[in-house]
Amino acid sequence: MTERTTPPSKADRIRLLIADDEHLIRGALEALLGLEPDIEVVAGTDNGTTAAELALELSPDICLLDLEMPGADGIEAATRILAGAPDTRVIIVTRHARPGVLRRALAAKIAGFVPKSTPAGELAQVIRDVAAGKRYIDQEIAAAALAAERCPLTDRELDVLRATRATSSVQEIAEELFLSPGTVRNYLSAAMTKLGESNRQDAAKHAWQQGWI
């Protein structure tokens, strides 16, 4: 005789928020994870700013955040969420699993880091493990992080590249950092040379992709 199992009550389900600006992927995740008997998708959005606002309003157990989103990237959104809702746990999913980004994620106390190629069934188990208090880091990403190069940039070079992601104006960067425009240009030039990039936007992108800013 087959033993019948009782599905989890609504109160026992893991309440999940999903944020991804790729609508097809977010829709697929909402549909597939929503089929799991112990997971309830309570909200979905396409940007990091709204994800943080929804998380503070709804207090989900888990936030599943894409790394690259408009408004605020996944790690920036996670930082806002964890500051206002420390009991919520965050998992980052990304198509570009760079070791430097993993370091940023760990510094932000993110509980899970998985590539977007993770099958839905495995992702559901990661969500259960993280909801149970465990931490999950994809093994290949973790191994790459151990072999990653150290950042060659100074703190000030990182500051000007970080500001470059928000504005293309040297004058505005100088005002933000309380530096002269000439000093900003010197820092940008040094950073571009160290990173082998021909312009400051590419240098800033390089540094961001490595997780240094």
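Which strands does helix H5 (residues 120-131) lie across, and at about what angle to S4 does this helix run? In the predicted model, helix H5 lies across S1, S2, S3, strand S4 (89-94), S5 and S6, and its course makes about 155 degrees with S4.

The sheet beneath this description is open and consists of six strands, arranged in the order S2-S1-S3-S4-S5-S6 with parallel pairing. Its edges are occupied by strand S2 (39-45) and strand S6 (136-137); each has a single partner strand, so one side of each remains without a neighbour in the sheet. At one of these edges, S6 pairs with strand S5 (residues 112-115) in the parallel sense, over two bridges. Phe113 is found opposite Ile137 in S6. Packing on the sheet is also contributed by helix H2 (residues 48-58), which touches strand S1 (14-19), S2 and strand S3 (62-66). The direction of helix H2 makes about 135 degrees with that of S2.

In total, the protein contains ten helices and six strands. Its C-alpha atoms fill a box of roughly 80 × 35 × 30 Å along the principal axes. Of the 213 residues, 43% are buried. When contacts between residues at least 6 apart in sequence are considered, 66% join residues at least 24 apart.

The accessible surface amounts to about 11,200 Å², and carbon and sulfur atoms account for 50% of this area. The protein carries 24 positive and 31 negative charges, and the mean positions of the two sets are 3 Å apart.

Terms used:
Residues numbered from 1 in each chain as written. Predicted model: local features only at pLDDT ≥ 70, side-chain atom pairs only at ≥ 80, totals over all residues. Heavy atoms only, no water. Pairing = 2+ DSSP bridges. Helix = DSSP H or I, 4+ residues; strand = E, 2+ residues; numbered from the N terminus. Contact = heavy atoms within 4.5 Å. Axes fitted to C-alpha atoms, helices over the stretch in contact; angles between N-to-C directions. Buried < 20%, exposed > 50% of the residue type's maximum accessible area, 1.4 Å probe, protein only. Areas by Shrake-Rupley, 256 points an atom, 1.4 Å probe, with all protein chains shown as cover. Lys, Arg positive; Asp, Glu negative; His and termini not counted. Charge placed at Lys NZ, Arg CZ, Asp CG, Glu CD.
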